[in-house]
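Grab your viewer and work through these exercises with the two chains side by side. Try each one yourself before reading the solution.

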Amino acid sequence: PAEDDGFRLWVDTVDLWVLELDQDTKSSKFQEYRDLGSGLWAGMKLYGESADGGNRNFAIRLKGIGREDGRYNLDYRVEGKYSFALDYNKIPHRFGNDANMPWDRPALNRLEFPDPVQGVDQDEILAFVASADRINLGLQRDRTRAQFDRGKLQRWAWSVAYTHENRNGDRPLSAAFGFGNVQEFPEPINYDTTGVELAGEFNGDNGGLRFGYRYSEFENQFGSVVWDNPFNAVEADRNPSRGRYDLAPNNEADLFFVEGRARVGGWWFNGNLVQNTMSQSDQLLPYTINTGIEGEGFDGSTFPAAGAGLPVARANNEAEVLTFSLNAGTALGEDWSLTLRYRNYDYDNSSPRLRFPGYVRLDERWNDDGLITVPYSYARENMGIELGWDVTDTTNLSLAWTTESWERDFREVRDADEDTFKLSLNSRPSKKATVRASWATGERTTSEYITEAQLVFFLDPHSIDNLPGLRKYDQAERDVDDYEVAVQLYPSDAWNVSFGFSGRDEDYGKSEFGLIADEVGNLNFELGYTPGAHLNFYLFAHDEDRDVFQQNRQSGRSISTDPADNWSIALNEDTLTWGAGVSSDPGNGWTFDLSINISDTDGEADFTTPPGGSPSEAVDIDNYEDIELTAVRLKVGYKLNDRVTCGAYYLHENYTINSFILQGLQPFLAGTLLLVPNDGDYRANLVAVYAKFKI
Amino acid sequence: PTAARSSPSEDPGDYVGSEECMACHEGYQEKLAMTPHGKAGFAALSNRGCETCHGPGGKHIEDPEAYQPLILALSPDEQNEVCQQCHAGGTQFFWQGSMHESRDVTCTTCHGVHSYEAEVNQIKAASVQEQCYSCHKDIRAQAWKRSHHPIREGRISCSDCHNPHGAQSPKMVYAASINEQCYSCHAEKRGPFLWDHAPVREDCTACHTPHGSNHLKLQKTSVPYICQQCHSNTRHPGTLYDRTRLADGTNPANREFSRACLNCHSAIHGSNHPSGWALMR
């Protein structure tokens, strides 16, 4: 400990670990969001305190120093006056290792297919791709948050917060030049998202007020990515030799908020008003990068589609979002309570409607279908009333009615209303039991469903090409039931038991096609045993069973009206998750901590199609994602003395995935080049020894 | 602040000062010492010490067995009022009327004043997520699924998105809507784009489930089937994609394997490309 001017600063603990990782495959999945590679892992806590008993406090907490998943915190506070907090959080995100990389990369956003190979026959391309280099795909997120608070917990409080996140790396992206010409390639990522918030707050005896301003800016260092067409080296109309993909545009958001709460004459009120303006004015790319394509304007004049003919140079898009909410409640006598809720969320996209005389399809050719941009807007209004009844001192029943109304522009359904009734029970029948239960039932009704709305992009009339009987599920009429029962028992100080079930059934029975039903049910059980401070044991199990049913009809060039062309899928996912653990501190200096977790999913996709139509038969999929993850952790520690604890740690994980959508993937499938990164099966064993120094 | 009593109807006697409390409850001073409640600066907010929360100790000293100023003996509302004497602003601003408040959750359900596992915010469990899982068991199970936010790895926590003390927004998220909450990290999807995908602007959870999924990218239902729940158009969108159309099937189709529909329509969250109306550039 060092003492200087009445401020004592000391290193509280130092953690040193030596890790040794053994993994049997190159799957990225084990380290998807973490850095557990072999080597040294260090952590430290450093504290400071003023000599007046801690009026000024300082803390630095460092974890994983120098690692890709390191986290560093700093806190400084003068109690009752101000505080400052800094958090630096590094998060890796690995998408896949050992990806097939046939592309040369003269710049991060320029992907070239080597000249001698580009445009030759498929056999040579296949051979080249088979021998291509390999890369790991992933990105690093570096998040910073700094906040200064003044007057926290006092009548007036002020705060300034700054946030910044940089994402840097690659993730898989794909694009096409046609059905038989699809390429996957690394998308260069270098995002900076910066935010600032200024806020003030007043808290009085009977209410409070908060207000502030928040600004967020997103910057993408890469406006687009250009990639070669492996199957064509000479650029011409209907023969693209390269494509250009527009990456996420720079954008910003300005937000003002006012929030309040009050108690007036036996009522409580709270609510807020938030205005958020989201905008982006990114420069538009040309219609295509293909210099061989000629575009045609509304007046019949022609122009090079790779460099002219745009109605505007920049997007100038903007959406104003206004949120208003107000809640109130009061006691009605000794046993009854009333709560009223209102909320309105208005998303008004005021972006200009831009008219385009046509577009370039897949950098391949000019299509003279005139287009107009569509500023989708909507308003969502929620109202509710809840009546609560204290049946006894420990049991409360409540009945609530809520209604949610949607009003949409440019979509298939303009108005939708969903009314829901909910009955809840909340009871503590004794100090040894808690019971919570609820059941809600709702019905959504809508105005006329206008299938033609999907054609709103086109300037000229088009015939509909989606099934007239299909109802998009976010706009479809439906019935919903939602239920939950949760019981917690504490038969003694040592034992606790909890069990319950919950579920949600969404029934879209009025839809002829599309999503027809989506049902999920959960069962859970948990047992805990803590006979004292030296032993803790737990066991839990959870089963989630989800069934989705959807109905479709296959069409050719025009919409089929033949029921024999129908097909349907019943999707089932059953996930069993369970875990157990024991922690022991026998009191002789040794500590033991053992846990096991298993998540096991079995999925199936069962198809049905009547004979005679097209399709006339279907083959089921029995691996609609079959996944199993087992994780075992063991930590053994021994306290050498009051200052030093040492020990060993072992982590075993076994991950297997049998995925329908990834099975059989190869870097080259007829006309399709894929990265095929490895994020599949692995078996990993991590062994570590550690020493923790209390200084 | 006004002090709490173990029973509001009972006279707790006079204030006696923390030193009197420590004469018997000596262990608590050490536990509190490293917490904001144990610092000298706490006096800037209250000079009552232990009795700030527990109420006057006079009667307890007179007869320690007959009168015990235990916070846990109070009703949930009374317990919360003790904490809200000071913690009524900040993230607790909307506690009144919140889901947890209305279901009789108390501050001490999650936070330990004298003893806790997680140092930051004095959470009783080892981490925020472990605390939340003690009730939200379905979320714990989802976090173990193949596709998940980095919650179980401890890189983000439930409280990065949700305010457990109450909010004016659905699902108690900090932002004004679920989408705006998602944009706080995924700002590249904020738009508005030249060509928007309408349901994307309305609700990210129309297609994604945020806590864990068996499918890529937190999809509620895997592509191509989730796309076909809305798009059963002529030609390829309405085609049946079964076992035979997989990469190793008898008639493979790149509309089913790898990213299925998104192999071509990869700008699914919106496109700013003049030729991007079909979300392919």
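**Exercise 1.** Which side chain of chain A does Lys145(B) meet in a salt bridge?

*Solution.* Keep in mind that this is a predicted model. Start at Lys145(B) and look for a carboxyl oxygen within the 4 Å cut-off for a salt bridge. The partner is Glu544(A), with 2.6 Å from N to O. Next, widen the view to the whole interface: the count between chain A and chain B is 11 salt bridges. Then add polar contacts, and you get 80 residue pairs across the interface, both residues at pLDDT 80 or more. Finally, ask which element of chain A gives the most to the side touching chain B: that's strand S16 (residues 267-280), with nine residues.

**Exercise 2.** Work out how much area chain A and chain B bury between them, and what sort of residues chain A brings.

*Solution.* First the contacts: 177 residues of chain A touch 113 residues of chain B. A handy habit here is to give the size of an interface as the accessible area lost when the parts come together. For this pair that comes to about 12200 Å², 53% of it on carbon and sulfur atoms. In chain A, the residues losing the most area to chain B are Tyr33(A), Tyr473(A) and Ile661(A), yet together they make up 6% of what that side buries. Now sort the residues on chain A's side: 75 are nonpolar, 52 polar and 50 charged.

**Exercise 3.** Find the nonpolar surface patch that includes Leu209(A), and say which element gives the largest share of it.

*Solution.* Begin with Leu209(A), which sits in strand S12 (residues 207-220) of chain A. Its patch companions are Val258(A), Val264(A), Phe269(A), Leu273(A), Leu322(A), Phe324(A) and Leu326(A), and the patch covers about 650 Å². Strands S15 (251-264), S16 and S19 (317-332) of chain A each give two or more residues. The largest share, three residues, comes from S19(A).

**Exercise 4.** Hunt down some unusual backbone spots: where do Pro615(A) and Pro224(B) lie?

*Solution.* The background first: most peptide bonds are trans, and most residues other than glycine have a negative phi. Step one is the bond between Ser614(A) and Pro615(A), which is cis with omega about 10°; Pro615(A) falls in the loop between strands S34 (590-608) and S35 (626-639) of chain A. Step two is Val223(B) to Pro224(B), also a cis bond, with omega near 5°. Pro224(B) is in the loop between helices H11 (198-202) and H12 (225-228) of chain B. Last, check Asp98(A): phi is positive, near 60°, and the residue belongs to strand S6 (residues 82-101) of chain A.

Conventions. Residues numbered from 1 in each chain as written. Chains lettered and ligands numbered in written order. Predicted model: local features only at pLDDT ≥ 70, side-chain atom pairs only at ≥ 80, totals over all residues. Heavy atoms only, no water. Contact = heavy atoms within 4.5 Å. Buried area = accessible area lost by both parts, 1.4 Å probe. Polar contact = N/O pair within 3.5 Å; in protein donor to acceptor, adjacent residues only side chain to side chain. Helix = DSSP H or I, 4+ residues; strand = E, 2+ residues; numbered from the N terminus. Nonpolar A, V, L, I, M, F, W, Y, C, P; charged D, E, K, R; others polar. Patch = residues over 30% accessible without salt bridge, like charges linked within 9 Å, V, L, I, M, F, W, Y side chains within 5 Å. Areas by Shrake-Rupley, 256 points an atom, 1.4 Å probe, with all protein chains shown as cover.
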